[in-house]
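Student: I'd like to go through this one by asking what each label rests on. Can we start with the aromatic rings?

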Amino acid sequence: MKSQDDLREAYYTFVQAMLEGDTASLRHLLDADFTLPHLTGEVQPLDSWLGEIDDGQFIYHRIDTVNLAVSATPMPLADHGYVENEYFVSGDAHRYRIPARKTTAEIIDAGHPYTTRVLVRRPADARKFNGTVVVEWLNVTLDQDVDFIFGATRELLVRDGYAWVGVSAQRNGVAAMKKWNPERYAALDVSASNIDPTDGSEIDPADPLIMAVGGDVLSWDTFSQIGRHDGNSGLLGGLNAQRLIAASESQSTLKVSTYFNAIQPLHSIYDGYLFYDRSADLRTDVDAEVVAIGTEIFTQLMGVAPQNDTDTMRWWEINGASHFSLSEIQDYVDLFIARDAAFPSPLGTGMSLSERIRANGPCVPSHSYSRVPNGDILKAALHSLNRWISGGQAPVTAPRFVLDDQVPPHYVRDANGQVLGGIRTAAQDAPMARNGGIDSDSWFCGPSGYHVDFTPAEMCERYGSHKAYVDRVRTVADANVRSGFLLKEEVERPIKDAEATSFSCSAN
């Protein structure tokens with residue numbers, strides 16, 4: 001593994017080689033399977049690209065390096081009338097003691113100074129702002145802040161005029177930023193003693209089950225204080241925030257579950273909570289509405305079904321869904337993970353999350369992530385939650401995964417091995433692939449899930465014709481819209497994907 005300094009040096013060597021047309025150095029720096037994506041959508045193999053440099057078809061006259069923040073969005077926000085800003089926020093935080101699960105926190109002490117980083121994405125024109133701020137507790141399982149909620153719901157956020165704030169609440173996310181750019185992030189510090197002075201116990205123990213390093217004793221108050229800043233428009237360029245939604249994914253959902261149970265009753269900062277795969281058990285006496293989304297891995301990992309819906313809670317589970325879906329990773333997360341080089345390759349170039357999973361594999365099956373579109377369901381959930389906290393109709397209730405009576409329970413599956421129950425999308429009920437929410441073998445293979453695309457012959461066997469396939473996708477997608485699990489703005493994508501799928505069947 002190369003150091004950050006080695007990686008930075010390799011990057012500048014790479015840029016210089018491009019400017020000089022030094023294809024021998026480029027070939028040495030890059031993996032043989034490196035590809036160059038173009039703005040036209042073409043993805044060019046390494047040999048083809050280097051050949052065109054040698055032939056003089058590719059000449060680089062100037063390459064500008066943009067000074068981006070860590071985890072800056074790869075989405076072209078300006079095309080949607082949005083801006084992104086990075087801020088450092090400082091304050092003095094309390095430490096809290098949480099006596100037991102689902103209990104209100106007790107203040108241990110106060111006056112612990114901190115400085116953390118927040119990312120803000122908002123409409124440039126205040127007239128577009130819909131009044132709701134989504135405040136995401138950034139996920140740090142990969143030792144880099146990752147905005148899974150923004151990535152999954154980004155089309156809805158910019159379409160409907162939300163503001164979004166990403167909070168660097170945990171120590172290992174801050175540590176990664178300081179390592180990545182020591183000069184830029186030198187001021188950041190969210191650490192304090194993890195020892196409770198009353199009995200010497202750890203205030204925030206590590207949790208290997210969710211890859212949490214522990215010691216994030218200031219995170220609870222930091223998340224509250226950032227919410228207060230948002231509510232007072234301190235970070236929003238003068239926008240008037242009317243509603244705050246706390247949002248989180250995976251490890252972060254369990255941290256924010258603790259916040260919901262222990263801190264929200266003290267301060268009532270947030271109006272609603274959006275949990276993506278999925279929260280722990282939540283108190284039913286807390287003044288906030290909740291929508292929690294579950295995929296197949298977390299119900300199995302936690303060994304218990306979600307709690308029942310209530311007047312303030314909805315729990316949705318997505319059939320065939322992996323921990324994050326194919327489109328979220330390849331169209332969003334992979335782009336900035338590779339750019340920021342959180343995972344340096346042996347040659348010093350940045351690997352995407354997908355490349356890192358393959359390098360630590362093999363996964364079985366080998367094609368990671370389910371094609372089931374978690375993000376489209378999350379957009380419907382966020383839209384419904386925002387309507388709910390605005391005084392409108394509650395989100396619909398959803399069918400649950402079917403579990404047996406074992407302890408812990410196991411999924412009940414059909415003859416094809418698919419879990420019964422849950423929200424069923426066109427990707428699962430009119431599929432072009434066999435999708436699985438859980439894969440096997442090393443590291444992130446399990447939660448990444450998989451897809452195995454059907455061959456043209458298999459598509460013909462299933463549907464009989466391309467038209468019948470497209471019609472089936474349209475039928476399922478339209479039913480999802482009527483049921484409230486898919487927004488009408490998202491219904492065209494699965495239909496267009498089906499139309500673009502190429503196969504023809506001979507007439508019998």
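Tutor: Sure. Rings of Phe, Tyr and Trp, the last by its six-membered ring, count as a pair if their centres lie within 6.5 Å. By that rule the structure, which is a predicted model, holds 19 aromatic pairs.

Student: What makes Phe 34 and Trp 49 a tilted pair?

Tutor: Their centres are 5.8 Å apart, and the cut-off is 6.5 Å, so they pair. The planes make 40 degrees; under 30 would be stacked and over 60 edge-to-face, so 40 falls to tilted. The pair links distant parts of the chain, 15 residues apart: Phe 34 sits in the loop between helix H2 (23-29) and strand S1 (35-37), and Trp 49 in helix H3 (residues 46-54).

Student: Which of these two rings is buried, and which is partly exposed?

Tutor: Buried means under 20% relative accessible area, and partly exposed runs from there to 50%. Trp 49 has 0%, so it is buried. Phe 34 has 23%, so it is partly exposed.

Student: And why is the pair of Tyr 273 and Phe 275 called stacked?

Tutor: The angle between the planes is 20 degrees, and anything under 30 counts as stacked, so the label follows. The centres are 5.9 Å apart, and both residues are buried. Tyr 273 and Phe 275 also belong to a cluster linked by ring pairs, together with Trp 137, Trp 220, Phe 223, Tyr 259, Phe 260 and Tyr 270.

Student: On to the cysteines. How do you know that Cys 363 and Cys 445 form a disulfide?

Tutor: Their sulfur atoms are 2.0 Å apart, and the limit is 2.5 Å, so they qualify. The torsion about the S-S bond is -75 degrees, and the link is left-handed. Cys 363 lies in the loop between helix H11 (353-360) and helix H12 (374-389), while Cys 445 is in helix H14 (residues 445-448), so the disulfide ties together parts 82 residues apart in sequence. Cys 363 and Cys 445 are both buried.

Student: How many disulfides does the structure hold?

Tutor: Two. Cys 460 and Cys 505 form a disulfide too, with sulfur atoms 2.0 Å apart. Cys 460 is in helix H15 (residues 456-463) and Cys 505 in the segment after helix H17 (492-500), so this pair ties together parts 45 residues apart in sequence. Number the bonded cysteines in sequence order and the pairing reads 1-2, 3-4.

Student: Why is the disulfide of Cys 460 and Cys 505 called left-handed?

Tutor: Because the torsion about its S-S bond is about -100 degrees.

Student: Are Cys 460 and Cys 505 buried or partly exposed?

Tutor: One of each. Cys 460 is at 18%, which is under the 20% limit, so it is buried. Cys 505 is at 26%, so it is partly exposed.

Student: What makes helix H16 roughly antiparallel to H17?

Tutor: H16 (residues 466-483) and H17 pack at an angle of about 170 degrees, with axes 9 Å apart. Angles over 145 count as roughly antiparallel, so that is the label for H16 and H17. On the H16 side the contact is made by His 466, Tyr 469, Val 470, Val 473, Arg 474 and Ala 477; H17 brings Pro 494, Ile 495, Ala 498 and Glu 499. Those residues divide into seven nonpolar, one polar and two charged.

Student: What stands out in the backbone?

Tutor: For one, the bond joining Val 364 and Pro 365 is a cis peptide, with omega about -5 degrees. Pro 365 is in the loop between H11 and H12. The peptide bond from Val 407 to Pro 408 is cis as well, omega near -5 degrees, and Pro 408 is in the loop between H12 and helix H13 (426-429).

Student: Which residues have a positive phi without being glycine?

Tutor: Asp 143, at about 60 degrees, and Ser 250, near 60 degrees, are among them. Asp 143 is in the loop between strand S5 (132-137) and helix H4 (148-160); its relative accessibility is 45%, so it counts as partly exposed. Ser 250 is in the loop between strand S7 (243-249) and helix H7 (251-262); with 9% relative accessible area, Ser 250 is buried.

Methods:
Residues numbered from 1 in each chain as written. Predicted model: local features only at pLDDT ≥ 70, side-chain atom pairs only at ≥ 80, totals over all residues. Heavy atoms only, no water. Helix = DSSP H or I, 4+ residues; strand = E, 2+ residues; numbered from the N terminus. Buried < 20%, exposed > 50% of the residue type's maximum accessible area, 1.4 Å probe, protein only. Axes fitted to C-alpha atoms, helices over the stretch in contact; angles between N-to-C directions. Parallel < 35°, antiparallel > 145°, perpendicular 65-115°, else oblique. Contact = heavy atoms within 4.5 Å. Nonpolar A, V, L, I, M, F, W, Y, C, P; charged D, E, K, R; others polar.
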